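Trainee: Could you take me through one part of this model up close? I would like to start from a single residue and then look at the aromatic rings.

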Amino acid sequence: MLSIVRSLWLVFLHMFHKRETVQYPEQKNKLTTRWRGRIVLTRDPDMGERCVGCYLCAAACPVDCISLQATEDENGRRYPEFFRINFSRCIFCGYCEEACPTYAIQLIPDFEMAEYNRQNLVYEKTELLIDGPGKYPGYNYYKVAGLAIGGKGKGEAENELPPIDVKSLIP
Amino acid sequence: MVTIYIDHKPYTVNPGKNLLETCLTLGFDLPYFCWHPALGSVGACRQCAIKMFRDGDDKQGRLVMSCMEPVANNQRISIMDPMAVDFREGVIEWLMTNHPHDCAVCDEGGSCHLQDMTVMTGHAYRRFTFKKRTHVNQDLGPFINHEMNRCIQCYRCVRFYKDYAGGEDLDVFASKSNVYFGRSEPGILESEFSGNLSEVCPTGVFTDKTLKQHYTRKWDLTMAPTICQHCSLGCNIIAGERYGDLRMIANRYHGEINGYFICDRGRFGYEFVNSPNRILQPQHMGQPIDSDKAINEISELIKQSNVIGIGSPRASLESNYALKKLVGDSNFYKGVSKQEQALTELAVSILKEGTVRTPSMKETEKADAVFILGEDLTNTAPMLALAVRQSVKQQPMQEVNKLAVPEWNDAAAREIIQDKKGPLFVATVAETKLDTIASKTFRAAPQDIARLGFAVANLIDSSAPNLSNLSEEEKTLAELIAKSLLASERPVIISGTSCQSDSVLKAAANVASALQKRNKNTGIVLTLPECNSVGLSVMGGLALHDAFEKVKNSKADAVIILENDLYRHGSAKVVDAFLSKCKSVIVIDHSQHATTTKGQWLIPAGTFAEADGTLVNNEGRAQRFFQVYEKANVKESWRWLSSIGSAAGNAIMQPWKNFDSITAALSQEEKNFNGIEKVSLSADFRMHDGQRVPREPHRYSGRTSMLANVAVSEPKPPEDLDSGMSYTMEGTRALPPSSMIPFFWSPGWNSVQSVNKYQEEVGAALRGGDPGIRLFEASGKQSSYFTNVPEKFKPVENKLWGVPIHHIFGSEELSAKGAAVSNRVPLPYLLLSKEDAAKLKLTEGEAIEFEIDEQGFKLPVKLCATISTGVAGLPVGLPGLSFIELSSWGVIRSLK
């Protein structure tokens with residue numbers, strides 16, 4: 001008897017508590033920056049495509065929903081010829097982001113991707129690529145890698161010595 | 001057998017090996033860089049350090065390099081000793097100080113020995129904060145990409161390229177950590193084996209440039225074991241596919257044939273599979289037609305007409321057999337010229353009925369005297385040239401053995417050998433790349449090469465036919481060759497069909513049988529024109545010429561041409577007449593060529609990558625190649641033919657369901673192919689866990705996304721009716737049987753170096769025995785000598801004796817269609833001696849007009865210092881050069 005009254009009293013008190021239910025979609029919940037939602041491909045600080053087509057995200061993906069094909073531009077810079085994510089399969093685990101050596105692939109705080117047609121959940125590079133560096137503003141992979149690409153020759157990357165003159169006789 | 005103790009546990013092992021090999025054979029994961037099973041040890045990288053103890057009481061021990069220590073009885077070593085583990089980690093940390101932050105854009109990543117070894121030693125964190133040294137790269141041609149920053153100075157590239165493969169243009173420059181591996185100046189790598197650098201290099205300094213064009217990681221490829229189709233040796237390869245394109249060819253270890261290496265034609269010749277010239281849809285009169293409709297209409301057509309079938313030496317046994325059964329035995333023709341037919345039959349009879357056994361390539365490597373007659377091996381059978389390069393080290397190696405230096409101790413052995421070379425005699429029409437290692441070379445017309453062979457045979461055994469009027473020079477040379485061959489323990493005679501002379505083959509057979517009487521270890525190796533020349537020859541059938549006759553006499557009006565460009569086997573005039581006389585021409589092939597343009601019906605056959613089949617190589621070894629991937633509308637030729645046969649009511653073909661039923665029929669019906677079904681396991685084969693062997697690695701990616709752009713629902717993966725392999729990543733994780741290894745991979749060993757886990761013993765046969773079955777061994781039925789010694793070659797005024805010159809890139813039909821290889825194909829020319837050119841007042845590059853085999857040519861002249869006067873070399877099979885029946889007289893028509 002006493003417990004029923006106690007429960008009623010507790011429920012009554014809840015009428016004066018702060019509401020947890022959010023009136024979505026009129027009202028939006030605040031998502032943290034590290035929230036794992038929709039996947040994007042980002043760009044370097046100098047606006048080059050960050051993705052170098054290394055296939056690590058695809059290999060890390062537990063549902064195998066990422067496919068791409070690497071290719072090279074005339075300067076020797078690698079980029080994906082196509083980059084496809086099948087979001088109808090994606091489980092938003094974030095392994096791809098973790099595997100990415102160039103910070104190209106990032107999960108962002110957005111989950112509003114519902115579609116009536118499942119086919120529309122297949123995102124190509126045009127849907128994935130954004131015009132900015134995303135969560136990691138400063139990083140530029142090609143400034144660290146030893147590969148020469150257009151505008152950056154051998155020995156011009158960070159922490160590199162100028163190329164060796166093989167024919168030099170100086171010890 | 002001796003006992004060694006590794007970390008206190010006793011193991012019984014073979015003596016004579018080094019500890020590294022032994023540990024790897026026993027299954028231990030011991031890191032290494034500079035050691036390579038085919039190249040031996042130099043102890044340069046210090047990566048394979050282990051602890052060695054004096055005896056059971058020694059607790060201290062000392063660090064040794066396991067690759068430099070021979071196995072000894074009661075040896076006590078430790079791999080897991082903390083000091084050894086620390087040392088190895090330290091070594092790799094130093095090696096990595098200059099290694100660039102490149103893995104993401106490096107083609108080696110995912111199949112990188114350096115990655116594997118770094119993970120294996122546990123080096124995970126970079127403490128070196130100073131600047132990295134860098135290098136400028138070189139353009140090394142269409143095959144190999146150069147990225148020198150990644151180098152860890154293991155020296156394996158130059159040891160392979162220079163010491164093993166005899167290349168001269170790759171070397172090491174500069175000193176200390178500035179060491180640079182490359183050419184003295186950028187340019188195309190000259191060696192025919194340069195592609196192996198991509199597998200020999202433990203990291204990404206040398207990588208496959210053709211793979212780079214459509215780069216895919218090893219884990220993303222659908223791979224299957226297959227056989228190289230570009231010469232008669234039958235090297236084992238792995239082919240990998242992604243997104244419907246063939247992406248790369250890698251070596252597949254075979255202890256008896258190719259070992260660890262393949263040639264560049266085999267590695268880079270695959271691009272014809274992706275060529276836009278492929279036939280991908282059945283066509284009738286140039287219009288696409290549905291497959292079923294095509295099958296029905298063709299089956300009606302052949303019921304109503306007298307049909308003949310033309311087989312092909314580059315099609316599988318099954319395809320040729322299916323054609324033979326479809327058109328009837330008497331209507332089956334081999335699809336090779338009369339001369340090629342005769343030469344191939346002679347070669348096969350020498351191998352089959354002669355007295356001398358044909359050794360495998362591995363045995364040829366161990367030969368201690370080699371005599372080559374008429375064959376430019378580097379261009380006709382490149383891997384055999386590589387084997388010959390090893391054979392000249394055999395005789396000097398005896399000195400190494402005498403000094404009790406183990407053969408695997410490469411640096412010491414080379415120090416002892418210096419420039420000494422074993423006996424190698426090269427008798428060819430023009431200079432060859434093997435000349436530099438030959439003891440003596442002989443340049444002459446094929447007739448005179450044969451005469452030299454006959455003379456040698458006569459000197460070895462006087463009951464062999466004698467010949468007169470040899471020049472003094474030839475006599476001394478023949479005596480020297482005979483003496484060297486007699487003095488050797490394992491002599492090998494090499495010849496082949498490429499100089500289009502039966503006398504040369506007969507002379508080689510005579511030398512071999514004469515030697516055989518004195519030395520039972522003699523071997524004879526013959527090279528043949530195409531990948532299945534032996535198989536087709538054993539199957540039987542008449543030559544192309546006879547098919548022409550039959551149609552000319554109106555005894556047949558329809559022809560099915562199987563994977564064959566007739567214009568490569570007969571002159572344009574004759575083939576044109578033949579094809580226009582035929583009412584119906586049905587061409588089954590994978591790529592467009594001159595013959596397909598004349599076909600009313602075109603049926604899209606699968607290339608080796610889209611087909612299963614069996615090929616017989618030059619030693620009579622039948623080997624199975626497995627389909628790599630499915631392509632819509634494209635099927636194996638034998639599948640098309642058996643569908644047509646079934647529709648036409650052919651009683652033999654109706655029960656044929658898959659590859660197994662065809663091979664079973666072949667094995668039953670043709671006595672020469674008895675037991676051929678044992679070459680590979682049946683389609684019902686499953687591993688002990690009841691699963692198939694997966695063609696895709698377990699890390700294969702993108703399954704639910706690759707085709708999502710077409711339809712978001714994934715299609716059912718194709719089923720394999722013909723083998724116990726699956727087209728997916730699902731399947732066994734256990735070691736597959738040796739005949740169906742789709743890729744080499746082992747936990748912790750992602751690179752091709754994991755092959756040691758698949759071998760009984762490092763460098764020996766694959767576990768379960770090397771795949772393939774020899775169909776025949778020399779029976780000795782034909783023990784008498786060939787007697788018809790040819791006449792001495794005499795130049796004729798205003799005429800030139802045309803002899804074929806082969807090119808590794810260009811002379812073979814399929815490889816030349818690929819983009820990378822076509823870059824290396826020479827332009828047609830006429831090879832002329834300097835004397836003849838002077839007589840004709842021609843200089844290098846000037847055009848000469850001549851007539852040969854009823855065809856007129858105008859070609860630029862290339863001068864050669866060594867070719868005999870009166871002889872002209874004509875390149876074979878180059879694009880733009882029509883078929884010529886060589887060797888024959890050519891008439892010089894006019895000058896300039």
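Mentor: Happy to! Let's begin with B:Asn178, which touches A:Ile164, B:His135 and B:Phe173, leaving aside residues up to four places away in sequence. Keep in mind that this is a predicted model. B:Asn178 sits in the loop of chain B that runs between strand E8 (171–173) and strand E9 (180–182). Its relative accessibility is 17%, so B:Asn178 counts as buried, the cut-off being under 20%.

Now to the rings. Over all chains, the structure holds 32 aromatic pairs. One of them joins A:Tyr141 and A:Tyr142 edge-to-face, with 5.6 Å centre to centre and 70° between the planes. A:Tyr141 is buried at 3% relative accessibility, and A:Tyr142 is buried with a relative accessible area of 3%. Another edge-to-face pair is made by B:Phe128 and B:Phe130, where the centres are 5.4 Å apart and the planes meet at 65°. Here B:Phe128 counts as partly exposed at 24% relative accessibility, whereas B:Phe130, at 58%, counts as exposed.

Chain B also has an aromatic cluster, formed by B:Phe160, B:Tyr164, B:Tyr253, B:Tyr260 and B:Phe261.

Charged side chains join the picture too. B:Arg242 lies over the face of B:Tyr700, 5.0 Å from the ring centre, and B:Arg624 lies over the face of B:Phe659 at 3.8 Å from the ring centre.

Definitions and conventions: Residues are numbered from 1 along each chain as its sequence is written. Chains are lettered from A and ligands numbered from 1 in the order in which they are written. This is a predicted model: local features need pLDDT of at least 70, side-chain atom pairs count only at pLDDT 80 or more; totals for chains, interfaces and linings use all residues. Side-chain values use heavy atoms; hydrogens and water are left out. Helices (H or I, at least four residues) and strands (E, at least two) are DSSP runs, numbered from the N terminus. Buried means under 20% relative accessible area, exposed over 50%, partly exposed in between (1.4 Å probe, protein chains only). Contact means heavy atoms within 4.5 Å. Rings of Phe, Tyr and Trp (its six-membered ring) pair if their centres lie within 6.5 Å; planes under 30 degrees apart count as stacked, over 60 as edge-to-face and the rest as tilted. A charge sits over a ring if NZ of Lys or CZ of Arg is within 6 Å of the ring centre and within 35 degrees of the ring normal.
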